[in-house]
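Please open the model in your viewer with the sequence alongside. The tour below proceeds by selection, one stop at a time.

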Amino acid sequence: MEKLEETNLMVIGAKETFIIRVLMKKAKEAGVNVEFVPWNINDINSNWKKGNIICIYMDEGVRPDKSLLIYLSDKLSDEDSFIIPVGDSRDVSFISDNINPRLISRIFTRPVDNDEFVSYVKNLLEKVSSGELKKSILVVDDDASFLGLVREWLKDEYKVSMVSSGLQAIKFLGKNKVDLILLDHEMPVTTGPQVLEMLRSDPETSSIPVMFLTGKGDKESVMQVLSLKPEGYFLKNISREELLEKLKEYFVLHK
């Protein structure tokens, strides 16, 4: 059985009960990388792996502290990962009331159908591992070398698509959904502002956030860019680290 080595299911609970061991055995037999960790912050932090999906297993009416849920919310928000609560109706409601709903992939109420749980988890882990659940960014720029550079910078964290003209961007967006557009402000034929105007005039694309890429950092040029009311802008001499940090901040603030 092929293992999903890039991602990991971490089952956390008050203690590793017989029911949890049976569930984990089923998951391992299906090729899922799974481990049990007691639900305290130190143990979770020391066993953390990038791409983790967390199963909070609540048994016998025992629930995690709210401080742990705050910690998990912050941790999983940083990685765009998920929580799967398992418990009775009151237990899972407690989780729903104290954690960002966006982080909850699916709720399972006890008694759990182990086969259904494992099938769901395996499918979710495969999507995480393949990058299917990554945020999608379209980069629009007529400079092929700059496109290649930005793609290299972003490809590990995001699904990156590239086009070299405004008209190609419009055509691409007619068939594909993206979470953000990085749009060159100074392009020949169809300029960045013209592309933005076309996007905002079409109901299908009007809500897609756009950030401009510009090579001009003087006050007049920046004010001209901002007058178009994009979600933001980046100077083309920005460093890789700063670009990744700014994009991360944007997606955290716009969940």
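**From the sheet to its helices**

Select Thr214 and then Leu235, its bridge partner in strand 10. This is a predicted model, in which local features need pLDDT of at least 70 and side-chain atom pairs count only at pLDDT 80 or more, while totals for chains, interfaces and linings use all residues. Residues are numbered from 1 along each chain as its sequence is written, and side-chain values use heavy atoms, with hydrogens and water left out.

Next, display strand 9 (210–214) with strand 10 (232–235); they run parallel and are joined by 4 bridges. Helices (H or I, at least four residues) and strands (E, at least two) are DSSP runs, numbered from the N terminus. Strands pair if DSSP finds at least two bridges between them.

Now widen the selection to the open sheet of 5 strands, ordered 7-6-8-9-10 with parallel pairing. Strand 7 and strand 10 are its edge strands, each pairing on one side only.

Move to strand 6 (136–140) and strand 7 (159–163), which pair in the parallel sense over 5 bridges. Select Leu138 to find its bridge partner in strand 7, Ser161.

Then add helix 6, residues 144–154. Phe146, Leu147, Val150, Trp153 and Leu154 are buried there (under 20% relative accessible area; exposed is over 50%, partly exposed in between; 1.4 Å probe, protein chains only). Viewed down the helix axis, the buried residues of helix 6 fall within an arc of 125 degrees (taken from directions from the axis to the C-beta atoms), so they line one face. Ala144 and Ser145, on the other side, are exposed.

Note on methods
Contact = heavy atoms within 4.5 Å.
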